[in-house]
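Reader: I would like a close look at one part of this model, with its packing and its charged side chains taken together. Could you walk me through what surrounds that part and then set it beside another region?

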Amino acid sequence: MDQFIARDYQSFIINNRIKVNHYLNKVLWFFVIAGPAIALGVKAGIFPDITYRTCFNISLLIAAMSVIHLMLVKRFPKSLLTSVFALTALDILLVYMAFGHVSIHLTWFLVPLLSILFCDRMLYFYALVLNYVLMIAATWVTAPYYVNQRFHIENTSSYFWDIIGGFTIETLVMAVSGYMIGSLAVNYFKENFRQYEVIRNQEKNVQEKMDILDSMVEIYDNVNLISFVDNTEMSLRDSEQKKHGIDMNAQTHTLMNQRIKNSVMPDQLEAFLTFTNITTVRNRLTNKKIISADFIDVVAGWFRAQYITVDAAQDGIPNVVIYTTRNVEEDKRREEYLLRISMTDEMTRLYNRRCYEEDMSEYRNKPLKDDFVLFSVDVNGLKTVNDTKGHAAGDELIKGAADCLVLSVGQAGKTYRTGGDEFMAIVHTKEPEKIREKMWQKASEWHGMYTDEVSLSVGYASYSNHREATVDDLERIADAEMYAEKEKHYKRKGIDRRRVSSGK
């Protein structure tokens with residue numbers, strides 16, 4: 001930050017130098033009238049020892065220096081040399097006027113005073129030293145003239161030391177007071193620049209926050225700025241952006257949520273009102289950046305409501321929050337699609353093993369109903385079909401089996417492909433045998449391009465027949481019955497399973 005202050009202050013000094021140089025040029029041009037003014041005094045008898053030639057030379061000298069300085073101002077407005085020339089020119093003018101016997105003693109201190117305007121210590125000390133040196137020289141040269149004019153003065157030396165003593169004291173006073181004035185001015189300007197830098201940083205931070213808010217306004221359907229400092233709310237989407245008071249004693253919801261609740265799905269209204277209760281938001285947001293929840297709009301579909309902390313106290317309690325709503329119907333559809341494909345077998349479009357394990361986990365944690373039945377199904381002869389007719393025929397056989405199972409289970413339950421040719425079904429029925437017979441019937445009716453039939457070994461276990469069994473026990477019972485059915489199938493076909501690889 002100090003770097004920025006130093007840079008800005010240096011720019012200020014340069015710009016100030018340009019302005020003061022222009023100002024001093026105007027001062028020089030103004031002094032051109034000094035010659036005519038003194039000439040009027042000569043004519044009036046006020047300056048008996050001053051000639052008209054001296055008046056003319058004063059104006060000519062000032063005009064010449066003004067022209068030179070004007071050229072420097074136009075060519076080198078930022079240059080220190082331009083400033084030094086202006087101060088030196090004024091001192092030369094004072095010296096010449098002293099030689100011309102124009103009594104202007106007080107004017108000697110005009111040049112150091114003007115140099116303070118530059119806010120540059122080096123220029124100030126230059127003007128002070130040059131002024132003192134030229135003042136001594138002018139006093140020494142003009143001393144004989146003033147001694148002759150004043151009969152009470154004994155000699156030139158006494159007059160010189162008397163005048164220079166006073167000038168020296170006045171110069172010291174001028175040096176100290178001028179330095180103090182210059183230091184106060186420099187410190188004042190530097191402090192202003194420090195405060196300006198603080199304000200500029202604050203404005204930058206505010207602008208960044210406003211830019212973020214403006215971006216949020218474009219992203220979200222509703223954006224509400226809620227201040228718990230003065231208990232107000234303001235919609236950033238409204239062109240007027242008018243603040244509305246919040247009565248924390250009588251009001252539980254902001255005006256925005258009072259409007260939104262009218263379109264929330266009725267079965268979610270209670271949850272929405274709980275989440276958006278303005279009297280509990282601060283506690284729920286303490287030491288948090290954001291809280292959110294999803295609800296369904298009866299027209300637009302899913303939307304997400306969020307409270308975002310913008311400013312918080314040291315204890316983490318939010319002072320200012322942003323409340324937003326945004327339609328997430330498309331996101332929800334994408335989530336549902338991803339969830340569906342993660343739970344679905346790619347080949348058969350049945351539920352996969354992951355879905356089966358998650359569903360079984362739920363049944364492990366709740367009591368089973370009397371109509372709960374687990375089916376275990378296996379495709380007979382898949383390896384033989386793969387070996388003799390190719391994997392395309394094998395895939396066709398698996399898909400055919402899946403179709404038969406789905407048609408048989410229907411809306412009574414869910415069917416899963418849990419392995420290569422292994423299937424499970426969780427069904428709610430009081431007549432499991434009818435469903436098994438339907439599976440066999442559908443299988444007998446099925447015909448494919450590569451194979452004419454599909455054979456299924458089906459076993460099941462119902463909770464009504466095994467009251468003491470857990471869901472895992474039912475799975476083992478269903479598997480055991482399925483393998484028993486498979487043995488019967490191979491015996492009917494006269495196939496020695498020991499000669500069939502992998503026991504299928």
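**Helix H12 and its surroundings**

Author: Taken over this predicted model, the count of salt bridges comes to 21. One of the pairs that meet in a salt bridge joins the side chains of glutamate 358 and arginine 354, at 3.7 Å from N to O. Both glutamate 358 and arginine 354 belong to helix H12, where they stand 4 residues apart, about one turn of the helix.

Helix H12, which covers residues 353-364, also packs with helix H16, residues 471-493, their axes lying 9 Å apart and making an angle of about 130 degrees. Because angles over 145 degrees count as roughly antiparallel and those from 65 to 115 as roughly perpendicular, that angle makes H12 oblique to H16. On the H12 side the contact is made by Tyr356, Met360, Tyr363 and Arg364, and these meet Val471, Asp472 and Glu475 of H16. Sorted by character, the residues of this contact comprise 4 nonpolar and 3 charged, with no polar ones.

For another region, one can turn to the surface, where Phe125, Val176, Tyr179 and Met180 form a nonpolar patch whose accessible area is together about 390 Å². Helix H7, running over residues 156-219, gives the most to this nonpolar patch, with 3 residues, and valine 176, a member of the patch, lies in helix H7.

Conventions. Residues are numbered from 1 along each chain as its sequence is written. This is a predicted model: local features need pLDDT of at least 70, side-chain atom pairs count only at pLDDT 80 or more; totals for chains, interfaces and linings use all residues. Side-chain values use heavy atoms; hydrogens and water are left out. Axes are lines fitted to C-alpha atoms, for helices over the stretch in contact, and angles run from 0 to 180 degrees between N-to-C directions. Helices (H or I, at least four residues) and strands (E, at least two) are DSSP runs, numbered from the N terminus. Angles under 35 degrees count as roughly parallel, over 145 as roughly antiparallel, 65 to 115 as roughly perpendicular and the rest as oblique. Contact means heavy atoms within 4.5 Å. Ala, Val, Leu, Ile, Met, Phe, Trp, Tyr, Cys and Pro count as nonpolar, Asp, Glu, Lys and Arg as charged, and the others, Gly among them, as polar. Patches are made of residues with over 30% relative accessible area and no salt bridge: like charges are joined within 9 Å, nonpolar side chains (Val, Leu, Ile, Met, Phe, Trp, Tyr) within 5 Å. Accessible areas come from the Shrake-Rupley method with a 1.4 Å probe; for residues, only the protein chains shown count as cover. A salt bridge is a side-chain nitrogen of Lys or Arg within 4 Å of a carboxyl oxygen of Asp or Glu.
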